[in-house]
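Colleague: I am new to this structure. Could you take me through it in questions and answers?

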Amino acid sequence: MRQDHLLTAKQLSRADIEAVLDRAAEFADDPAAARERHADKLLALCFFEPSTRTKMSFETAMKRLGGDVIDMGGVESSSVKKGESLADTTRVVEGYADGIVLRHPMQGSAQLASEFVDVPIVNAGDGAGHHPSQTLLDLFTIREHTGLDDISIGIMGDLKYGRTVHSLAHALTNFDVRQHFVSPESLRLPRSVRYDLHEAGAQVREHEELDEVLSSLDVLYVTRIQRERFPDEEEYQKVAGEYQIDADLLEGAKDDLSVMHPLPRVDEIAADVDDTTHAHYFEQAHNGVPVRMALLDILFQS
Amino acid sequence: MTEQELRVSKIENGTVIDHVTAGEALHVLAILGIDGSGGEAVSLGMNVPSERLGKKDVVKVEGRELSQGELDVLSLIAPDASINIIRDYDVVEKNRVERPEHVLGVLSCPNRNCITNQDEPVQTKFTVLRDGVRCDYCENIIREDLTDHIDV
């Protein structure tokens, strides 16, 4: 990777992505080989918003590389509660650790933090902005099942506020991928992401109904539509209900369609999909460990 | 110099910003951070007849030669503006404003979830696009009503 930080998926070239995925595959095949690789390293986890998978998988990844983590803890128990700026918090933490994983509710927070520190910053979610390490594990999972070229991907749900969607869309422009975005009108991709996809010359289509594209898809990436995005419960129920999938609906899909989801899901993927060969979302979550091991390994070496 | 501009006043030394889009003169002063507190004499002409633009605004700042870098940001709201540097009542330099690559600290980001709207020790930074500007932090694109976001 040319950069010292991972702030957005836009900064990643195809070669950068393949380097991480190849390294991740090595670690997945032989986890023991990495056991003492970064035994002298400490990774700081600064999560200003709740997280289960991202935080635990970074912690697992660092420990599997032989290093350790220090955890800022919840915002309620930190100096942030006293009004400390993000710039100050990260400058202090820089003195404690060899790298910082940052999740923060404001867009652009990782970019800002990166301007104040020299240790690598990994953006683990900046509001409705980006979540590039999730994208790397998404790509790892897609590559395992369908490859990353000459495929059609449907990305469905909350495309406006979904940071995993934004990062995935950016990264896919490096590959020969037809991207189909399926959402209600009110949750379409934001202008900034559409602008970038257009600039990158991506093959993009937008749809309001999954039926329009389901049968042509190799991958269906489902995201959660959040209740708080809608003015009232009735409107939410109406819209969310149209973007749920179940085993019956997938009868109309290719036999080898991969269904993915960054998790947590609520009811957008019915439990009966879990038992089908389409379900890859738990495997996707598990891939977070080797992929984040690879990412940290490369960032620490650069 | 036209008769209309002469009505405002001729300056001995300083900068005349001519061909400003009609109605934008006060925004020009705001962007340049000129509010009179620096003691410089400032004259404004608003909605002055113009052959080229129909109507235009004119801003004259006495005793200050504004740099091209300071002035290029004006291209966002007054793309036709021309800059005259005046010494001893003569125009010694005449330039057009050019679109800058970046705008630092002049605009505030309209995205309330942008980190630059928190109490952080950074200036805003926008990249200038063909059509609008884009926040370097949250990547929000502003195309409409740029003057609503002038923060000086």
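The exchange below goes from the conventions to chain A, its sheets and then chain B.

Modeller: This is a predicted model, in which local features need pLDDT of at least 70, side-chain atom pairs count only at pLDDT 80 or more, and totals for chains, interfaces and linings use all residues. Residues are numbered from 1 along each chain as its sequence is written, while chains are lettered from A and ligands numbered from 1 in the order in which they are written.

Colleague: How far apart do the C-alpha centres of domain 1 and domain 2 of chain A lie?

Modeller: Domain bounds come from an automatic or database domain assignment. For chain A this gives domain 1 as 9-130 + 287-301 and domain 2 as 133-285. The distance between their C-alpha centres is 25 Å.

Colleague: Which element gives the most to the side of domain 1 of chain A that touches domain 2 of chain A?

Modeller: The contact (C-beta atoms, placed from the backbone, within 7 Å) takes 21 residues from domain 1 of chain A and 21 residues from domain 2 of chain A. On the domain 1 side, two or more residues come from each of helix 1 (14-29), strand 4 (121-126) and helix 10 (288-301) of chain A; helices (H or I, at least four residues) and strands (E, at least two) are DSSP runs, numbered from the N terminus. With five residues, the largest share belongs to helix 1 of chain A.

Colleague: Which strands stand at the edges of the open sheet with the order 2-1-3-4 in chain A?

Modeller: This open sheet has four strands with parallel pairing, where two strands pair if DSSP finds at least two bridges between them. Strand 1 (residues 42-47) and strand 3 (residues 99-104) of chain A are joined by five bridges. Each edge strand has a single partner strand, so one side of it is left without a neighbour in the sheet; these are strand 2 (68-71) and strand 4 of chain A.

Colleague: At what angle does helix 2 of chain A run to strand 1 of chain A?

Modeller: Helix 2 (residues 53-64) of chain A lies across strand 1, strand 2, strand 3 and strand 4 of chain A. Axes are lines fitted to C-alpha atoms, for helices over the stretch in contact, and angles run from 0 to 180 degrees between N-to-C directions. For helix 2 and strand 1 of chain A, the angle is about 175 degrees.

Colleague: How many residues of strand 6 of chain A are buried?

Modeller: A residue is buried if 20 or more other C-beta atoms, placed from the backbone, lie within 10 Å of its own, exposed if 12 or fewer, and partly exposed in between. Strand 6 (residues 177-182) of chain A runs parallel to strand 5 (residues 151-156) of chain A, joined by six bridges, and A:Gln179 stands opposite A:Ile153. Of the six residues in strand 6 of chain A, the number buried is five.

Colleague: What radius of gyration does chain B have?

Modeller: Chain B has three helices and nine strands, and buried residues make up 33% of its 152 residues. The radius is taken over C-alpha atoms, and the globule rule is 2.2 Å times the number of residues to the power 0.38. A compact globule with 152 residues would have a radius near 15 Å, which agrees with the value for chain B, 16 Å.

Colleague: How many residues does each chain give to the contact between chain A and chain B?

Modeller: On the chain A side, helix 3 (86-94), helix 4 (109-114) and helix 7 (191-199) of chain A each give two or more residues. The contact takes 15 residues from chain A, and from chain B also 15 residues.

How values were computed
Two residues are in contact if their C-beta atoms, placed from the backbone, lie within 7 Å.
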